[in-house]
Each structure stands twice: as C-alpha cells, then as structure tokens.
Amino acid sequence: MNFPFMQVIDFHYLTVQLKTENWRNYIRQDNPVAAALLSKMGYTEREKIEVKTEFLQMVLRMQLDPARLTLLMGFFDTYLQLTKEEEEKVIEEVKAMSAKEGEKVMEIISSYERRGREEGREEALLLVAKKMKEKGKTAEEIAEFTGFLKEEIEKL
C-alpha cells in the first residue's frame, strides 16, 4: 500500500509448492511442521505407507506432549488418508522395526486411536442426551443413562 509520501506495506514472500517437494528431504528433521507437511508433499501412491511410517518415526523422535501429538496426527491423517489395508501394512512395518522403537510407535498409534474413540463416544452420548431431553426425559434420567452431570444436561 503506497501513499504519495511513504510506502506503508510491502510484502515480499516466497511460495512453496509442497507437492513439488520430495518428502524424503524432510524426514531427518525434528520439526513438527515438517512432519505434518509430509502429508502434503510429493509422493506416489506406492510411497504412502512409507511416508506414514517415516512420519511416525519422526513423531517418536520429537517426544511431543499428548496435545501436540494429537494435533499433528490429526493434521497428517486428514491429508494422507490410507485405506484399511494400507493402515494394516503400516502396522506390519512398525512391527518390523526394532522391538523398542516398534513398541513406542505402537503406543503412539494406540493412544491416538483410543483418544479418537473416546471423543467419538463422548459425541454419541451427547447426541443421546439431547434426544432424551427433546423427548421430555428428566435431567436425572438422562444422567443415569449417559453419565453426564445434571448441570451439564441442563445446559443442553
């Protein structure tokens, strides 16, 4: 943005086309952003399993707290989606790792999947509670079936 007497804003930036970047150039970095962006980089269909396996090893090396790990895994899985068969192949690859590394990666996978199931369960119970409330059930009845506190139910 320019005024006759001065330039106020001047943008200079470079664009990075992730699809043109070779994902292998980034797997030795201990950078959560690089790990997440592997899912958007250039890889072939045949390399998807290897990309996911390398991603899991990167995450393991970084020793992230559970919140960051969940965020990173969620981003990665949004952009690099595997079929059930491909996920099973990833598990096979993880099991083929050294015993110690494989166990730790399996813990990451298990905790991420467990967290996802818990969130799904919570959402399902919330829907049930809302339906029960719509049908005229009391807060006490809803609490008995869902495990929610009466105060939480009254806020629905």
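**Views of a predicted helical chain**

**View 1. The order of elements along the chain.** Read from the start of the sequence, the pattern is β-β-α-α-α-α-α-α-α. That gives 2 strands and 7 helices. The model is predicted.

**View 2. The overall extent of the chain.** The C-alpha atoms fill a box of roughly 65 × 60 × 25 Å along the principal axes. The radius of gyration is 23 Å, whereas a compact globule of 156 residues would have one near 15 Å. Of the contacts between residues at least 6 apart in sequence, 54% join residues at least 24 apart.

**View 3. The surface and its charges.** About 11,300 Å² of the chain is exposed, and carbon and sulfur atoms supply 53% of that area. Buried residues account for 29% of the 156 residues. The side chains include 25 positive and 30 negative ones, and the centres of these two sets lie 1 Å apart.

**View 4. The largest nonpolar core.** This core has 27 residues. Leu38, Phe55, Leu56, Met58, Leu72, Val94 and Val105 touch the most other members. At least two core residues come from each of α1 (32-37), α2 (48-62), α3 (66-79), α4 (84-95) and α5 (99-134). Helix α2 gives the largest share, 8 residues.

**View 5. The surroundings of Leu72.** Neighbours within four places in sequence are left aside here. Leu72 is then in contact with Pro32, Ala35 and Ala36, and also with Phe55, Val59, Met62 and Leu64.

**View 6. Another nonpolar core.** Apart from the largest core lies another, of 8 residues. Among them are Ala129, Met132, Ile142 and Ile153.

Terms used:
Residues numbered from 1 in each chain as written. Predicted model: local features only at pLDDT ≥ 70, side-chain atom pairs only at ≥ 80, totals over all residues. Heavy atoms only, no water. Helix = DSSP H or I, 4+ residues; strand = E, 2+ residues; numbered from the N terminus. Rg over C-alpha atoms; globule rule 2.2 N^0.38 Å. Buried < 20%, exposed > 50% of the residue type's maximum accessible area, 1.4 Å probe, protein only. Contact = heavy atoms within 4.5 Å. Areas by Shrake-Rupley, 256 points an atom, 1.4 Å probe, with all protein chains shown as cover. Lys, Arg positive; Asp, Glu negative; His and termini not counted. Charge placed at Lys NZ, Arg CZ, Asp CG, Glu CD. Core = buried A, V, L, I, M, F, W, Y, C linked by side-chain atoms within 4.5 Å.
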